[in-house]
Amino acid sequence: MKEQHSVGIVVPQTAHFSDPLPLKSGGVLPQYDLVYETYGTLNAARSNAVLVCHALSGSHHVAGKHAESGAEGWWDNLVGPGKPLDTRRFFVIGVNNLGGCYGSSGPNCINPATGKPWGADFPFVTVEDWVDAQARLADRLGIERFAAVVGGSLGGMQALSWTLQYPDRVAHALVIASAPKLTAQNIAFNEVARQAILKDPEFHGGHYYEHGVVPTRGLALARMIGHITYLSDDAMGQKFGRALRHDKPVFSYDVEFEIESYLRYQGDKFAGFFDANTYLLTTKALDYYDPAFAYNGDLVAALGRAKADYLVVSFSTDWRFAPSRSREIVYALMHSDRRVSYTEIDCPAGHDSFLLDDPQYHGVLRAYIDNIRL
Amino acid sequence: MSFQRYDYDVIANWIEPGERILDLGCGDGSLLRYLGEVRQVRGYGVEKDPERVLACARNGINVIQIDMEEGLAGFDDGFFDHVIMSLSLQAMHNTQGILKEMLRVGREAVVSFPNFAYWRHRQAILNGHMPVSKNLPHQWYNTPNIRFFTIADFDDLCAQEGIAIRERLAFDEDKVITDEPNFLASVALYRLGRSDTPTG
């Protein structure tokens, strides 16, 4: 039964772009690759395309399975036949963002100018740059206008940005567990994570590839910090509490509390496959995102260009991207006369709730998506 | 949607085409859907209950899931032409607060509520029981209603709060009641304004 609801085995594709991409930082990417996956079929009117944008550690592999590794897409519970984002109706696209480490051009790729890995020389990329690159991929795929752009967390920022950068090219935006900009506290968490990487002796100014090493200790620490903020206090308490590995304190810095074991495991696992430079770049993209900045902080004015309809979703226990941040988006959209719906899902899992399949959450997504006219 | 409450027409008649409407306690969004069809309003509903939010999403209604007991802090002054609260005021704790908020964010407010002084309700009390009727379908132990008030009570509150009653219609079922509404009407609908602003 479950297989019927999976898109099955999927194969990533690569699009090469030789036109330079101007970046918000003032820099230029002379040429670049984007790795992407698609699910479902583009209809004759080319009106059923949906772009799914990934968050900090996500990738183009949104749904289905990879043949060799068996790895399941990160949002497989949402995307597939009969799922809320139904691939029998929609043509769904996942793209690995620029600066990523899953095949799209990023710091771990060869810089054509030097013949060596980009490393720290890879230019700063922003949410807006990602959207520009995604728009070029849409051009390549013959998609003039997306039925919807969907994203959670940093992906939600891209969905919002799409409606501002290309107002005529997106009908609906689903902005989930996101924010119109980070708070000082959020930037602070990112900065601690970055410092952990930057201060790792094996970072080598970002050129660790040439030294044949990886700053795994810094990257693992960064992930540990991040992971704490993605879970709620209650969820962590319920899962681990104060459980002790040896049933009593043994007065050591080795793992004693189960939460320590869990965090170390998550950190080490992440450091084993993710790229430290990508982590640095991506957290900076989060920090810089602020569409109202050019409008003296007036989000309503910033949203004035938008033409899309919106669904905004938050989660009651998400303190990294709290419901109040989503409501800022909602009220600004409403005061810009945009059609917008907002739901705050009562879910105990914190920020990571957006990746789960809570029935109310997926019910609202399904209802909203079903009403999208093609 | 075939189902249509008789009070929908009254509300629609108080609204100009294309207005911005906020419906507090919008349920499944059927009133907003109706006003969209007959008045082409730009409508938003506020609803707390998850099931009803889901129903709104299915009905394609703009719904904002917040608890209006906490006020309407995110809504700008005077943004809406009409703020509606249909048969929900009797279930709100913060009666004065929400009326004030409705007239802050809206040019006018439209409020409807069951009249607890309706003669059948009085009869029920005389017979020794809390009223149960079409408009008060719950038993005393499971009713969501927490404020039990009458047309006369509401008139007094409006006077006390400086709220201008621009129009009032009272009904027994779908029949308009003009004489002795506090005795003969089961439901009342009010069009309210700020007494310091000119009549619209």
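This is a short tour of a predicted model, moving from chain B to the interface and then into chain A.

**Stop 1: chain B as a whole**

Select chain B and show it as a cartoon. Seven helices and eight strands make up its secondary structure. The radius of gyration of chain B is 16 Å, close to the 16 Å that the globule rule gives for 200 residues, so chain B is as compact as a globular protein of that length. Turn chain B along its principal axes. Its C-alpha atoms fill a box of roughly 45 × 40 × 30 Å.

Now colour chain B by accessibility. Of its 200 residues, 50% count as buried. Next, look at how the chain packs against itself. Take the contacts in chain B between residues at least 6 apart in sequence: 66% of them join residues at least 24 apart.

**Stop 2: the interface of chains A and B**

Bring chain A back into view. Select the residues of each chain that contact the other. You should have 18 residues of chain A and 21 residues of chain B. The area buried between the two chains is about 1800 Å². Carbon and sulfur atoms give 51% of that area.

Which three residues of chain A should you pick out here? Choose Met334(A), His335(A) and Asp337(A): they supply 31% of the area that chain A buries against chain B, more than any other three residues.

**Stop 3: the salt bridge**

Stay on Asp337(A) and add Arg20(B) as sticks. These two residues form a salt bridge. Draw the distance between their closest N and O atoms; it is 2.6 Å. The count between chain A and chain B is one salt bridge.

Switch on polar contacts across the interface. There are 15 residue pairs to find, both partners at pLDDT 80 or more. Then colour the chain A side by element. Helix 9 (323–335), strand 14 (340–345) and helix 10 (359–370) of chain A each give two or more residues to the side that touches chain B. By residue class, that side of chain A divides into seven nonpolar, six polar and five charged.

**Stop 4: Asn190(A)**

Move to helix 3 of chain A, residues 184–198, and select Asn190(A). Is Asn190(A) buried or exposed? Its relative accessibility is 3%, so Asn190(A) counts as buried.

Show what surrounds the residue. Leaving out residues up to four places away in sequence, Asn190(A) touches Leu182(A), Thr283(A), Leu286(A), Asp287(A) and Arg320(A). Label these five, and the tour ends here.

Conventions: Residues are numbered from 1 along each chain as its sequence is written. Chains are lettered from A and ligands numbered from 1 in the order in which they are written. This is a predicted model: local features need pLDDT of at least 70, side-chain atom pairs count only at pLDDT 80 or more; totals for chains, interfaces and linings use all residues. Side-chain values use heavy atoms; hydrogens and water are left out. Contact means heavy atoms within 4.5 Å. Buried area is the accessible area (1.4 Å probe) that two parts lose on being put together, summed over both. A salt bridge is a side-chain nitrogen of Lys or Arg within 4 Å of a carboxyl oxygen of Asp or Glu. A polar contact is a pair of N or O atoms within 3.5 Å; within protein, one must be able to donate a hydrogen and the other to accept it, and residues adjacent in sequence count only if both atoms are side-chain atoms. Helices (H or I, at least four residues) and strands (E, at least two) are DSSP runs, numbered from the N terminus. Ala, Val, Leu, Ile, Met, Phe, Trp, Tyr, Cys and Pro count as nonpolar, Asp, Glu, Lys and Arg as charged, and the others, Gly among them, as polar. Buried means under 20% relative accessible area, exposed over 50%, partly exposed in between (1.4 Å probe, protein chains only). The radius of gyration is taken over C-alpha atoms; the globule rule is 2.2 Å times the number of residues to the power 0.38.
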